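Reader: I am new to this structure. Can you show me how to read it, one feature at a time?

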Amino acid sequence: MQAGIVIVGGGQAGLEAAAALRTQGYEGTVTLVCEEAHAPYQRPPLSKDFLAGKQEADSVFLRALGYYEKYRIDLVLGDRVTEINRGAKLVHLSAGGAMPYAQLILAVGARNRPLPVPGAENALYLRTLDEAVTMKQRLAEARHGVVVIGGGFIGLEVAAVARGTGKPVTVIEVAARLMARAVSPLLSDFFVDVHRAQGAKVLLNSGVVEVRPDAVILSGGRRVAADLVVAGIGVLPNVELAREAGLEVGDGIMVDEFLRTSDPDIFAIGDCAHHPSLYSGDRVRLESVQNAVDQAKCVARAITGKSAPYGDVPWFWTDQYEIRFQMAGLSGGHDQAVLRGSIENRKFSVFYFKQGHLLAVDSVNRFGDHITARKMLAAGTALTPEQAADEAVDLKKLVAA
Amino acid sequence: MPKVTYISHTGETTTIDVPVGTTVMENAVKNGIDGIVAECGGACMCATCHVYVDPAFLDRLDPIGEEQEEMLGATAAERKPNSRLSCQILMKPQFAGLIVRMPERQT
């Protein structure tokens, strides 16, 4: 077999890399090795419409099976790469056998951070379709209460869906505010109000010491009854395969601006890739659809000889109740936050600046601000904090100008 | 069941059943119709499921929502008066026979 491209990981980054290679005209073999038994599917709906019963399982798949045949993408399901032999340019598979590669793309993703307390096996996690199917079933059966450990995006989306079914919901967050890693205090406070207004209990600064089959025990000794406990306390990048192959790893697999690892024939993309970012001024690892898709395209360009550094504007979204929250750019390190719109009316954006330079925009039910922000950040449009705060200033015109 | 016809930019025509209550985008993806990408999976975040709706059907469609209006400003191909995001076209009985044309590029 002529060695072609082997993609390790059948999440969205892996699938999009295979698709982008064909779109970019790559003619060699493309093999996509998926650890799960399912063809590649979307993860975002799992904690939203799928869990809420508004979307069926068959609509989460990213492509029809005929697509893989038509575009000669060899889909290997239910198998995993156990070892990379860089010298021989081979990957070994758990089912036995080895596969040669000319270039290797690691799209190995991340896994849920396990809850480090006794009884953690009583909690459910949510990352895969199978886990979502189980959680949906358990949610339907829950009578006494749903406890969500971790006030991040996944936890809060699950909490919103659970409240939508009318069950008692308690969110337990160890930090002083919600989504602390990703959003500013203003947004954290806003979302506490949103969840509490919907009847969810939100406990901040609260650690969990034990999960029992019928309750969660907090560090102060308080017991919260629960027949469904969901843990969403972040993820760990899957770096082991790369580390064992001698590639440089840290909080993710280290890649350069072309998404190459320390081996020029091996790339890493998506949730597992720790990459230099124009938007943070530093290195980051991002867990998002945008990052998966755009890095996939970037690596396909590199492989087909059209190399350009990764520089797409990060964006992200979450849906909680009737709130559509959209983020553009990376707000970490900002020294000024400016409000545009009305928090009371639940239609506002927060513009983040560092030394007067626009870093990021978070938007609540302000779709126009979000799209305009993406364009501004991509184009490097000059915007002052005063303009951002002034609703009389038409932001779209600034981009066009 | 109502049918929808998808026409690629090169003129390739595919007609499929689209159940009421599902979107024009998701049926295209499920049936392997090229030309509709839907990177965000129908969340109205990416503008890669852009289609041009046959003018004969335009009046029957629901009005463009604020969110779709903004995303249509970010399509890769030219936005025209009959541009829509196919993830936002939720099939109804009166859309039977709908014809959509796909742009040359989505990204």
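Reader: Into which domains is chain A divided?

Author: This is a predicted model. Chain A has domain 1 (4-111 + 235-303), domain 2 (114-231) and domain 3 (322-400). Domain 1 is written as two segments, 4-111 and 235-303.

Reader: How far apart are the C-alpha centres of domain 1 and domain 2 of chain A?

Author: Those centres lie 30 Å apart. Now look at the contacts. In chain A, 12 residues of domain 1 are in contact with 12 residues of domain 2. The domain 1 side of that contact has seven nonpolar, three polar and two charged residues.

Reader: Which helix and strand counts does chain A have?

Author: Chain A has 10 helices and 25 strands. Overall, chain A is as compact as a globular protein of 401 residues, because its radius of gyration is 22 Å and the globule rule gives 21 Å for that length. The C-alpha trace of chain A spans about 60 × 60 × 35 Å along its principal axes.

Reader: What share of chain A counts as buried?

Author: Of its 401 residues, 48% count as buried. Sequence separation is another thing to read. Take the contacts in chain A with a separation of 6 or more: residues 24 or more positions apart account for 61% of them.

Reader: Why look for a nonpolar core?

Author: Here is the general idea. In soluble globular proteins, nonpolar side chains tend to be buried together. Now the case here. The largest nonpolar core has 156 residues, and Ala17(A), Leu106(A) and Ile149(A) touch the most other members. Helix α7 (residues 289-303) of chain A gives the most to this core, with nine residues.

Reader: Which residues is Ala17(A) in contact with, leaving aside its neighbours within four places in sequence?

Author: Ala17(A) is in contact with Ile7(A), Ile105(A), Ala107(A) and Ile269(A). Ala296(A), Val299(A) and Ala300(A) are also on its list.

Reader: Now the two chains. How many residues of chain B are in contact with chain A?

Author: There are 16 on chain B, in contact with 15 residues of chain A. Next, ask which elements take part. On the chain B side, α1 (24-30) and α3 (66-72) each give two or more residues. Helix α3(B) gives the most, with four.

Reader: How do the residues on that side of chain B divide by class?

Author: They divide into six nonpolar, four polar and six charged.

Technical notes
Residues are numbered from 1 along each chain as its sequence is written. Chains are lettered from A and ligands numbered from 1 in the order in which they are written. This is a predicted model: local features need pLDDT of at least 70, side-chain atom pairs count only at pLDDT 80 or more; totals for chains, interfaces and linings use all residues. A nonpolar core is a set of buried Ala, Val, Leu, Ile, Met, Phe, Trp, Tyr and Cys residues joined through C-beta atoms within 7 Å. A residue is buried if 20 or more other C-beta atoms lie within 10 Å of its own, exposed if 12 or fewer, and partly exposed in between; C-beta atoms are placed from the backbone. Two residues are in contact if their C-beta atoms, placed from the backbone, lie within 7 Å. The radius of gyration is taken over C-alpha atoms; the globule rule is 2.2 Å times the number of residues to the power 0.38. Domain bounds come from an automatic or database domain assignment. Ala, Val, Leu, Ile, Met, Phe, Trp, Tyr, Cys and Pro count as nonpolar, Asp, Glu, Lys and Arg as charged, and the others, Gly among them, as polar.
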